[in-house]
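Morning, everyone. I have one structure to show you. Please have a look at it before I start talking.

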There are 2 protein chains.
Amino acid sequence: MKRVQIKKGQLLQRKGDLHSKVYHVESGLLRSYAIDEKGKEHIYMFAPENWIIGDSVPPNRPCELFIDAIEDSEILQSEKDVSAITEVHKLINRMEVLQKRIIMLMSAPAMERYEHFITTYPDIVQRVPQKMIASYLGITPEALSAVKRIHFKK
Amino acid sequence: MKRVQIKKGQLLQRKGDLHSKVYHVESGLLRSYAIDEKGKEHIYMFAPENWIIGDSVPPNRPCELFIDAIEDSEILQSEKDVSAITEVHKLINRMEVLQKRIIMLMSAPAMERYEHFITTYPDIVQRVPQKMIASYLGITPEALSAVKRIHFKK
DNA sequence: GTCATTTCTTAATCTACATTAAGCTCTAAA
DNA sequence: TTTAGAGCTTAATGTAGATTAAGAAATGAC
């Protein structure tokens, strides 16, 4: 368990790394994301204060996600040691978020995903660029612009 | 921990239930799914032999998913007791599947999701109707028909 | 067996969102 | 102050997959 200070933009983990860590965010904001074959980023998770973030692969297998800092952050970095997981309920909370997200991606149109994002991450909306929100929602920045135009017209 | 025999088609859990359980499948096949406002089903997970399946909500909150049997099945039913979770690595395995699935839904076209489904669930393909596979992939049965036509033409 | 249902496929049309490209705004550097 | 470059928006066009509808095939009830 190690306390680390990182600067905005700094990369903590890249796809393919072995022995990837788990990060607890004390202050600041991290994100994890995948990059597909066309080079397009897909943000998988934002992690503001008090969140944990990491790649869900066993520590001996190369990881799938990139993790970097969107703001200057202070984090606690720990090994992925199964025996060290004292807070099982934190894992279960995370699984609940994932379940909701999958159902959203399968059924809700872009507009509803945007509204859901705003209610789940009210503080984050002002802290990240639009294109990152689009990436999280699984749409293009252009489509997000259109969604917002309609959203506020209502 | 209770052993139960269930018949094909039998509902084990419906959306809104409290104190939802966790099921370990000894034989047979279960599925969990959501139903959206338009009445459309979205299969969230298949659980063949040796899988665990359940809703990722705390036991005191109403659950989100329906769970039923696709085949006659024999299952072990247990309470959602955090202290009883001895196999943390099973949770972690599940999270890995969810992570892959979200990235798939965000970036891969229907054809690749179908191919990925076949490799991850090779035994299941013959055991469930096409429309359930479509529901799992997040496309319509009509679109799946088209995907398969192209897939086998290659 | 027959009849009724449900499932699967095909084809025509429609639509949400992607893609492309251009213009606008803001910041930062020289 | 101009210039370069991100980031955001707008609009035109393109496309994957949805929707609708109809027919074929499989399944189940009697």
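I'll take the two protein chains first, then one residue, then the DNA.

A word on ground rules. This is a predicted model, so local features need pLDDT of at least 70 and side-chain atom pairs count only at pLDDT 80 or more, while totals for chains, interfaces and linings use all residues. Residues are numbered from 1 along each chain as its sequence is written, and chains are lettered from A and ligands numbered from 1 in the order in which they are written.

How are chains A and B related? A rotation of 180° puts chain A on chain B, with 0.0 Å of shift along the axis and an RMSD of 0.0 Å. The fit is by least squares on C-alpha atoms of residues with pLDDT of at least 70 in both copies. That makes the relation a two-fold axis. Both copies use the same surface: 100% of chain A's contact residues recur in chain B.

Now that contact. It pairs 26 residues of chain A with 26 residues of chain B. Contact here means C-beta atoms, placed from the backbone, within 7 Å. On the chain A side, strand S5 (41-47) and helix H1 (88-107) each supply at least two residues. Helices are DSSP runs of H or I with at least four residues, strands are runs of E with at least two, and both are numbered from the N terminus. H1(A) gives the largest share, 15 residues. By type, the chain A side has 14 nonpolar, 6 polar and 6 charged residues. Nonpolar is Ala, Val, Leu, Ile, Met, Phe, Trp, Tyr, Cys and Pro; charged is Asp, Glu, Lys and Arg; the others, Gly among them, are polar.

One residue to pick out: B:Glu96, in helix H1 of chain B. Leaving aside neighbours within four places in sequence, B:Glu96 is in contact with A:Ser56 and A:Val57. B:Glu96 counts as partly exposed because it has 16 C-beta neighbours inside 10 Å. On that count, 20 or more is buried, 12 or fewer is exposed, and in between is partly exposed.

On to the DNA. Which residues come nearest to strand D? Out of 14 around it, they are A:Pro129, A:Gln130, B:Pro109, B:Ala110 and B:Ala143. Near means a C-beta atom, placed from the backbone, within 6 Å. H4(A) gives the most to this surface, with 5 residues.

Strand C also has 14 residues around it, with A:Pro109, A:Ala110, A:Ala143, B:Pro129 and B:Gln130 closest. Here the largest share, 5 residues, comes from H4(B). The surface near strand C divides into 6 nonpolar, 3 polar and 5 charged residues.

Terms used:
Two residues are in contact if their C-beta atoms, placed from the backbone, lie within 7 Å.
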